[in-house]
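User: I am new to this structure and would like a close look at a single part of it, the metal site. Please explain the terms as you go and then set the site in its wider surroundings.

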Amino acid sequence: MMKLIIDTDPGIDDAMAIFYAAAAPEISLLGLTTIFGNVTTEIATRNALRLLEAADLQVPVAEGARVPLSLPPFKPSAQVHGAQGFGDIPAAEPKGAPLAEEAADFLIRMAREHKGELVLCPIGPLTNIALAIQRDPEFVKNLKRIVIMGGSLEEGGNITPHAEANIYHDPDAADVVFGSGAELVMVGLDVTHQILCTKADFTAIAAQSPELGGMLQSMSEFYLRFYETVGKFDGCSLHDPAAVIACSHPQLFQVKKLPIRVSCSGETSGETLMAEKGSRGDTSVCLGVDAKAVKTLFLERLALLP
Ligand code: BDR
Ligand code: CA
């Protein structure tokens with residue numbers, strides 16, 4: 001079993017990724033850490049708890065940073081995920097509460113306790129991961145790998161012409177992570193823009209999994225409407241599920257090993273760029289994907305849920 005922690009800003013495709021992880025037989029989910037991005041950190045924590053309770057998963061949630069490393073706080077992307085993060089689904093209070101321990105410290109502790117075995121999958125801005133790297137020099141050595149949903153090498157951006165949203169919201173943190181020497185995989189727009197789900201796919205998910213699939217189907221209506229306004233896709237991108245699938249099924253992705261750096265200011269802020277060879281460790285950048293296989297896995301696994 002692969003030991004996994006997801007760092008998340010739920011978020012509609014985050015919900016899809018977390019339910020996928022709940023369904024996948026080869027994944028042992030050890031916890032969630034939360035971050036701002038699609039919503040505020042406070043709402044992300046509430047939503048993470050709600051998703052775990054819906055999926056009947058008894059794992060901890062550790063609340064993360066409320067602001068980027070050095071950029072000022074920003075307004076979340078309500079036009080993509082809705083004001084409360086789950087599209088038209090209204091806010092609701094979870095029964096449980098987050099840990100008293102903050103996300104970066106929880107990550108440091110879990111990496112130490114599961115030395116060499118823990119895969120970390122950040123699917124929001126990288127602030128918590130950068131804080132853990134800055135606080136503990138052993139942190140990246142204790143991890144097995146970090147599989148990042150974020151960035152774009154050849155595809156252009158989705159929040160600006162240059163930047164992908166997760167990297168854009170804390171480029172300084174992303175640059176710390178890409179320069180950390182950890183074993184890194186970047187699952188960016190180069191591949192996630194190829195993995196699309198349509199309204200018909202979500203109708204099928206809801207038919208097979210009325211409870212949790214039904215919840216995703218309700219959320220997806222809002223997300224699909226946003227994608228219609230973008231105009232260039234037939235359906236919505238499975239950004240965050242793709243990163244979780246890359247953790248367990250790396251063979252479905254073609255990678256190029258390159259050193260990556262992040263533009264941290266000006267018009268290109270948040271752009272992921274090739275760094276000078278040898279200036280930092282390589283990242284396995286996903287540039288190709290068997291999109292059909294990833295989507296099939298996603299649909300088949302979600303069908304296992306109630
Ligand atoms: C990423 O940004 C967020 O809107 C999504 O949840 C995903 O993590 C895609 O750019
Ligand atoms: Ca996300």
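Analyst: Donors are here N, O and S atoms within 2.8 Å of the metal, or within 3.2 Å for Na, K and Ca, and since water is not among the atoms, sites may look incomplete. The model is a predicted one, in which local features need pLDDT of at least 70 and side-chain atom pairs count only at pLDDT 80 or more, while totals for chains, interfaces and linings use all residues. Residues are numbered from 1 along each chain as its sequence is written, chains are lettered from A and ligands numbered from 1 in the order in which they are written, and side-chain values use heavy atoms, with hydrogens and water left out.

The calcium ion (ligand 2) is coordinated at 2.2 to 2.6 Å by OD atoms of D9, D14 and D240 and by the O atom of I123, with D14 listed twice. Along the sequence, these donor residues follow the spacing D-x4-D-x108-I-x116-D. Distant parts of the chain are linked in this way, for D9 sits in the loop between β1 (2-8) and α1 (12-23), whereas I123, 114 residues apart from D9, sits in the loop between β4 (118-122) and α5 (127-135); helices (H or I, at least four residues) and strands (E, at least two) are DSSP runs numbered from the N terminus.

How buried or exposed are these two residues? Buried means under 20% relative accessible area, exposed over 50%, and partly exposed in between, with a 1.4 Å probe and protein chains only. D9 counts as buried because its relative accessibility is 1%, and I123, with a relative accessible area of 1%, is buried as well.

Turning to the wider surroundings, the protein has 13 helices and eleven strands. Its radius of gyration is 17 Å, close to the 19 Å that the globule rule gives for 306 residues, so the protein is as compact as a globular protein of that length; the radius is taken over C-alpha atoms, and the rule is 2.2 Å times the number of residues to the power 0.38. Of the 306 residues, 60% count as buried. Links between distant parts of the chain also appear in the contacts (heavy atoms within 4.5 Å), since among those between residues at least 6 apart in sequence, 81% join residues at least 24 apart.

Another loop residue is S77, placed between β3 (61-62) and α3 (78-81). S77 is buried, with a relative accessible area of 9%, and, not counting residues up to four places away in sequence, touches G37, N38 and H169.
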